[in-house]
Amino acid sequence: MKLFLDTAHLADIETANGWGILQGITTNPSLAAKEGLEFHDLIRAITDVVAGPVSAEVVADNRDEMVAQGQVLAKIADNVVVKVPMSREGVAAGARLVGMGIPINVTLVFSTAQAILAATIGATFVSPFLGRIDDVGNDGLSLLAEIVETYAAQGYDTEVLAASLRHSQHVVQSARIGADAATMPFAVMDRLFDHPLTDIGNERFNKDWQAYQQALADRRKK
Ligand code: E4P
């Protein structure tokens, strides 16, 4: 499962990229709005840092405008993936973009029926929003499992991108279920490193190493 960051914040993107584990980025209009940069400049700056797919979303209420926006976004860099919303207009726009050879990510997916539509138009990614499903009292991971199972049964090529993840267990369970990729906020990726026994172990190894070096130094003095 590939690990993506769900952010448009360059400092966080650079930090995660420095860890050597960052395989892609997803952005959305709300995340872009926080950064205070012109949208195309922001996407360009992200693609300058990240080699993997960078999702950039179109915002319009009709397919023609979505297609026009998607074409402009796709020209920013080879690794831009145009995000289209799950809607009649979004799917129609997505089908046209795919026909032009532009990779798309169908976003705001909350059902297997919607995920089937995304695969049918040849989307590169489908993004079920697990956390938002949990927020309304349903089970996002069950939906993910149903989509992964359905895609396997049908042999669809579209990659399942688990999105709207809230914590480490969402990431772990998405991997167990067989998601192709998972996109998460920086704080969630950061916490994947942590375990209290790792901290205790590192502390003990460092302490023992210092004592060992001190003992060797004392012996040399004698
Ligand atoms: C995915 O592409 C979306 O940007 C995202 O995961 C939404 O997550 P949220 O529910 O935390 O806003």
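Modeller: Let's start with "near": a residue is near a molecule if one of its heavy atoms lies within 4 Å of it. Mind that this is a predicted model, where local features need pLDDT of at least 70, side-chain atom pairs count only at pLDDT 80 or more, and totals for chains, interfaces and linings use all residues. Residues are numbered from 1 along each chain, and side-chain values use heavy atoms, leaving out hydrogens and water.

Colleague: Okay, which residues are around the ligand?

Modeller: Asp-6, Thr-26, Asn-28, Lys-83, Phe-129, Arg-132, Ala-163, Ser-164 and Arg-166.

Colleague: How do I read a polar contact, and which side chains have an N or O atom 2.7 Å from a ligand oxygen?

Modeller: A polar contact is a pair of N or O atoms within 3.5 Å. Arg-132 has a side-chain N or O atom 2.7 Å from an oxygen of the ligand, and so does Ser-164. For Lys-83, a polar side-chain atom lies 2.6 Å from a ligand oxygen.

Colleague: And how much of the ligand's accessible area does the protein cover?

Modeller: Accessible area comes from the Shrake-Rupley method with a 1.4 Å probe. Alone, the ligand has 350 Å², and the protein covers 86% of that.

How values were computed
Polar contact = N/O pair within 3.5 Å; in protein donor to acceptor, adjacent residues only side chain to side chain.
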